[in-house]
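Here is a short briefing for a reader meeting this structure for the first time. Look it over, then read on.

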Amino acid sequence: MAVFNIYILPSFVKVDHKLFQGMIFALISFLNRFAMKRMLIFFLFLFTTTISHGQQNIDTEELLKYWPVEQLRNASVERGVVFMNQDEKDVVFICNLARVNGPLFISTILEPYMAAKNIKRDRYIRSLINTLERQKSIPALGTDRLLYQLAFSHAVSSGQKGTVGHGGFESRFNKAKDYYWTFAENCYYGRNIPIEIAMGLLIDKGESGLGHRKNILDQKLGYVGVSIQPHRSVYEYNCVMEFGGKEQ
């Protein structure tokens, strides 16, 4: 949020109040446009940093040209969320882009990602494209400290033991059920690169039920906590996403 200081002119200074008011409105309008442009550049910087860290060659000009600033802002995680690191926030951000504008996500993120990774258009890709094309815009996921703590606990435990899967899910659900009427979990194993984590779960290759994708795109699940932790295996890292939905 841009913050502007307001200065009061001394009483002995005589001004044309209508002219002064017009000048103020014009200045505020200019500053607002400038702030929105800076905000868009900021979102692009965050996202391109994520992509470059993953060594993916995604054309950010597509984002600049086609993504509305308001949708980028809605998809982002608030700066005041201090319990998740930037990589974890980026996972949420990318997933949220798929929620708020599926068709635009296809052309600006999914297809460039496929080209950069040389991913073939198999049945999982076709299925994802079909889902995103038909999907109406749904609210972005909010973040929640409790869900993060549950994700962190499972990611750390799995990483230290070198295990995979949803062991202890019922225990985690019991800790969340007083706050959320529905609960779901995604687990990812691989590199700690946000774009690879988000895209891997959305494509959901090898999962017949496409459960990971469905969780990310489920309108009933409105909150998430994400934790990325080292994993004692060939995977090196694991990412856990805990989702919660409140009664509407």
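**Overall picture**

Of the 248 residues of the protein, 42% count as buried. The model is predicted. It contains ten helices and four strands. The points below go from the fold to one helix, then to the cysteines and a surface patch.

**Fold**

- Along the sequence, the elements run α-α-α-α-α-α-β-α-α-β-α-α-β-β.
- The pattern opens with six helices in a row before a strand appears.
- Two strands close the pattern.

**Helix α4**

- Helix α4 covers residues 86–100, which makes 15 residues.
- From its first C-alpha to its last, α4 reaches 20 Å. That is close to the 21 Å expected at 1.5 Å a residue.
- At the start of α4, N85 makes a contact through its side chain. A side-chain oxygen of N85 comes to within 3.1 Å of the backbone nitrogen of D87.
- Of the 15 residues of α4, 13 are buried, so the helix is largely enclosed by the rest of the structure.

**N96, a residue of α4**

- N96 is found in helix α4.
- Is N96 buried or exposed? N96 is buried, with a relative accessible area of 0%. The cut-off for buried is under 20%.
- What does the side chain of N96 reach? It reaches the backbone nitrogen of L141, at 2.6 Å.

**Cysteines**

- How many disulfides does the structure hold? It holds zero.
- C187 is in no disulfide. The nearest cysteine sulfur to that of C187 belongs to C239 and is 8.6 Å away. A disulfide needs two cysteine sulfur atoms within 2.5 Å, so this distance does not qualify.
- C187 is buried, with a relative accessible area of 8%.
- C239 is in no disulfide either. For C239, the nearest cysteine sulfur is that of C95, 8.4 Å away.
- C239 is buried as well, with a relative accessible area of 1%.

**Surface patch**

- Which residues form a nonpolar patch on the surface? They are V164, V234 and Y235.
- Together, these three residues have about 320 Å² of accessible area.
- V164 sits in a loop of the protein. That loop lies between α7 (145–161) and α8 (169–176).

Methods: Residues numbered from 1 in each chain as written. Predicted model: local features only at pLDDT ≥ 70, side-chain atom pairs only at ≥ 80, totals over all residues. Heavy atoms only, no water. Buried < 20%, exposed > 50% of the residue type's maximum accessible area, 1.4 Å probe, protein only. Patch = residues over 30% accessible without salt bridge, like charges linked within 9 Å, V, L, I, M, F, W, Y side chains within 5 Å. Areas by Shrake-Rupley, 256 points an atom, 1.4 Å probe, with all protein chains shown as cover. Salt bridge = Lys/Arg side-chain N within 4 Å of Asp/Glu carboxyl O. Expected span 1.5 Å × (residues − 1). Polar contact = N/O pair within 3.5 Å; in protein donor to acceptor, adjacent residues only side chain to side chain.
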